[in-house]
Amino acid sequence: MPRFSVIVPAYKVQAYLHECLESVLSQSYADLELIAVDDRSPDACGEIIDEFAARDTRVRAVHLPENVGLGQARNAGLERATGDYLLFLDSDDTLTPDALRAIADRLKATGEPDVLVYDYASTYWTGEAVRNRFAEQLSEEGPAPFRLQDRPGLLRVLMVAWNKAYRREFVESTGLRFPPGYYEDAPWTYPALMAARTLATLDRVCVHYRQRRRGSILSTTSREHFDVFEQYDRVFAFVEKRPELARWRPVLFRRMVDHLSTVFTKRDRLPRGSRAEFLRKARAHYRRYRTPGAAVSLRCRLRHTLVHFGVHRTYRALEASMTLRRRTHKAVSKLARALRAALLQAHYRIQLRLPLRADRAVFAAYWGRGHGCNPGALEAAFRALAPQVRTAWIARPEHQDAVPPGPRRVRPGTAAYWTALARSKYLVNNVNFDRRLVKRPGQVFVQTQHGTPLKHMGLDLQERPAAARGMDFDELLRGVDKWDYVLSANRHTTLTWERVYPGGYETLEYGYPRNDVFQRATAQDVARLRESLGIPRDAIAVLYAPTHRDYSRAQRCPLDLERVLRRLGPRFVILARAHYWQGPLVDRPVPGIIDVSGRPSVEDLCLASDVLVTDYSSLMFDYANLDRPIVVHADDWEAYEAARGTYFDLRSFPPGAVARSEDELIDIFATGHWRGSRSAQLRAAFRERFCPHDDGRAAERVVRRVVLGEPEPPPATPLAERRPAPSAAATAAAVSPSVSVPAPAPAPGASPVETAAGSAVGPGESSGRPPLAVVPQPAGPRSVVDRR
């Protein structure tokens, strides 16, 4: 007997059915049966189901002799189900990876409840995924299992069958079946939740609910929408037969009225000429089942009044007046914004005619996202080395709190913002300022950039439309013409910037100021940062920081972090850092995984971690300055390189071990390659190429050259003489040399770990500086396979 019976009815969904069935069969939890019901579909759904049944014995194909509709097709699956728990999945939706394992774990942890409610996310054809807005109702805090009266808020979650797991014995004893017609979920889900003796929740997205552009039932104009009345008749009939459920009548009444008003107000559902008839039936249902006691929000009272009195024309008149009010407000707001913008530009033009202030500097980073990166380090250096210069920091309102004491805080688009841009002598940013910036004679623009380039940048994106995304290259070059200085961390970066951002600026190959902290921080600083992040004292902290994929609309996490953490073992903690263009890498709290995407300083995260796992993020070049292990997860290198373009093959010259799959990544940690001698050799060669100047004094050199006018800033300290901040693991090993970190068990059947080769010092490099090339090729063979 399987643990789960997953029932999938199919009708005219041949374009989506393969993905749906594959999402079930590819689950890491394999104890299941998949009952796929062909509801006499006129397309290829039946053939697709048979193909899956032929290749996997867990698939049971059911072909109905005639089309019976979604509810009856689900019943046909119910009759053949043998699993402990029943799950329903619509044939255009998908299960998320590891969803069944999470469901199974939660069922076990909550004592095998009658019903488990889990979360979903609506997914759109654009690739956007939006989580259920009532997700807070699925919190796992508090006692479990429970009854509905303990958590009545569950009735606010979408009343569908496919976001729950049902104990089969409970379904059979309760006599639950799906009725025919539209809205068949209501007479199933309401009775299931009310009758369940034990309920539990899982705060995890387990289903991706596809929002189709065409073809969904809810967007089809039909009289079938009148079925909603019979469905609520069935719901209230269920309550009438069970007096103990009478307490739920007020809530059910309100939910019914909300539902009826929604169907009525959606213009694409009811056929022309049937709206008045629908409203009359809605008014009759209102009077038949009216049960006072459930609070109605002010926002919903108008719709409830509509159903109560059936005032079709009055409602339309009110709706028209409200629409006119919204449009008027929108027009007035638009006019006010245009007037404000014109006044601000007039203010800016006046400020441009006033003298420059030689004692003022204005800073910004990442389009106003907050204080940090190279401009953040330079702003602190300005205050320390040139205290006569008053600094200001531009940050959007939601990031104002991230700005430390010292600089004056300025919000973009304000009069103070334009005054700062017009009157400050020094302009410092890691991207460009507003394109309307007028670069005045005497102003000094320091373009700090924000990383060493692995991927194509600037003019090189002209041949990469997927990555350029309509970039205006003429506007790009107009911005470049405003730069006076551009920062660089190494020769490769210098040569790349001067080619892809051609201009008359001076390159300061001094290192990146944001990396200064790596040489200055102490073991005590590391311990303090780890404590603030909640990292256990003896844990190995893995900083996982993937980059953006230009070739994919849906920016999903490349790794199953929960699976990786399970395989690594309890000594490991994962710090999950999403790219600033992406959402969080985890959609719910998971012990051992700390979401650090919102932390303003990535440098703090680097210091707190013991090893970096990334793919193609430029963070690896900065992290190498810490001389800590780096593991590259390059599972989609070919696709990434084809879409974005890269300046060298990272797999042939990496900063550490390279994994080409999730299993290889796990194996690298299991075998100890992540911190082995080979990884140390690769890291040494990588540091030699890309970290020649990051000695902790990069910001000082920039200030001395740009502000103080010193022609020859202090030279860089050689790599061999640097002492970067030690990791917590290294500090623990120094205190207790006998302490070792156990390696996790190797993944069964894992493929050999492939790493790239490269000598620590190539020929002709004993003097320090690499040859004059974009990326010098390392000596020795291009790759080697470590065989165990």
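# A walk through the model

Start by selecting Glu169: with a relative accessibility of 54%, it counts as exposed. Keep in mind that you're looking at a predicted model.

Now add Arg167 to the selection. Glu169 makes a salt bridge with Arg167, and the closest N and O atoms are 3.2 Å apart. Arg167 itself is partly exposed, at 23% relative accessible area.

**Zoom out**

Show the whole protein as a cartoon. You'll have 26 helices and 24 strands to look at. Of the 788 residues, 54% are buried. Switch on a surface and you get about 35000 Å² of accessible area, with 52% of it belonging to carbon and sulfur atoms. As for contacts between residues at least 6 apart in sequence, 74% of them join residues at least 24 apart.

**More charged pairs**

The protein has 47 salt bridges to hunt for. Side chains of opposite charge can pair when their charged atoms come close.

Select Glu140 and Arg106 next. Their salt bridge has its closest N and O atoms 3.8 Å apart. Glu140 sits in the loop between strands E7 (129–131) and E8 (164–167), while Arg106 belongs to helix H4 (residues 99–109), so this pair ties together parts that are 34 residues apart in sequence. Color by accessibility here: Glu140 is partly exposed at 29%, whereas Arg106 counts as buried at 13%.

Then jump to Arg563 and Glu662, another salt bridge, with 2.7 Å between the closest N and O atoms. Arg563 is in helix H19 (residues 561–568) and Glu662 is in helix H23 (residues 662–670), so the two tie together parts that are 99 residues apart in sequence. Glu662 counts as buried, with 17% relative accessibility.

For a group rather than a pair, select Arg74, Asp90, Glu184 and Asp185: they're linked in a network of salt bridges.

**Into helix H16**

Select residues 491–500. That's helix H16, and 7 of its 10 residues are buried, so the helix is largely enclosed by the rest of the structure. Show side chains for the buried ones: Arg491, His492, Thr493, Thr494, Thr496, Trp497 and Val500. What do they pack against? Bring up strand E15 (485–488), strand E16 (506–509) and helix H24 (677–690), and you'll have the partners on screen.

**Last stop: a loop**

Finish at Ser617, in the loop between strand E20 (611–614) and helix H21 (619–623). Is Ser617 buried or exposed? It counts as buried, at 13% relative accessibility. Leaving aside residues up to four places away in sequence, Ser617 touches Ala545 and Thr547, so add those two to the view.

Notes
Residues are numbered from 1 along each chain as its sequence is written. This is a predicted model: local features need pLDDT of at least 70, side-chain atom pairs count only at pLDDT 80 or more; totals for chains, interfaces and linings use all residues. Side-chain values use heavy atoms; hydrogens and water are left out. Buried means under 20% relative accessible area, exposed over 50%, partly exposed in between (1.4 Å probe, protein chains only). Helices (H or I, at least four residues) and strands (E, at least two) are DSSP runs, numbered from the N terminus. Contact means heavy atoms within 4.5 Å. Accessible areas come from the Shrake-Rupley method with a 1.4 Å probe; for residues, only the protein chains shown count as cover. A salt bridge is a side-chain nitrogen of Lys or Arg within 4 Å of a carboxyl oxygen of Asp or Glu.
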